[in-house]
Each structure stands twice: as C-alpha cells, then as structure tokens.
Amino acid sequence: MRRTVLERFPAGGPRGSWPAEEFAAERRGEGVAAEVVMDLDQDAFLVVVPQQSADRGR
C-alpha cells in the first residue's frame, strides 16, 4: 500500500507529549484516514494517509 506523508515529527519530543498522535487525531476528526507510523531511519514519527490509486473503480 502506498501512503502520503502529511507531516513529520521528531521522535525526541518532551516526555508525555504526543504531537504526531494529536495531529493525526485532528485529521481523523476532519474525516481524513490519518495514522502515525515510525520512520526508524529518520528517527521521526510520520502522519500518513493511504494514497488513492488513479485507476481505482475501473
């Protein structure tokens, strides 16, 4: 499955702070299927959405 990255957040945030989760929750509240994944190579949390296929529905 291909995904589009909406936003990146550094993994070293303050203890008890979850900015990626909060951002994703706000997007879900707007009806966007956002989820948080970890990019180990960049040491960052990514908020992603599934990418729509151009030929979907054919």
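## Exercises: sheet, helix and core

Val36 has Val47, in β3, as its bridge partner. Strands here are DSSP E runs of at least two residues, and helices are H or I runs of at least four, numbered from the N terminus. The model is predicted: local features need pLDDT of at least 70, side-chain atom pairs count only at pLDDT 80 or more, and totals for chains, interfaces and linings use all residues. Residues are numbered from 1 along each chain as its sequence is written, and side-chain values use heavy atoms, without hydrogens and water.

**Exercise 1.** Work out the strand order of the sheet, then find its edges.

*Solution.*
- Start with β2 and β3: 5 bridges join them in the antiparallel sense. Pairing requires at least two DSSP bridges between two strands.
- Extend to the open sheet of 3 strands: the order is β1-β3-β2, with antiparallel pairing.
- β1 (3-10) and β2 (35-39) each have a single partner strand, so each edge strand has one side without a neighbour in the sheet.
- From one strand to the next, the twist averages 35 degrees.

**Exercise 2.** Place α1 against the sheet.

*Solution.*
- α1 lies across β1, β2 and β3. Contact means heavy atoms within 4.5 Å.
- Its direction is about 140 degrees to β1. Axes are lines fitted to C-alpha atoms, for helices over the stretch in contact; angles run from 0 to 180 degrees between N-to-C directions.

**Exercise 3.** List the contacts of Val47.

*Solution.*
- Leave out residues up to four places away in sequence.
- Val47 then touches Thr4, Val5, Leu6, Glu7, Phe9, Ala20, Phe23, Ala24, Ala34, Glu35 and Val36.
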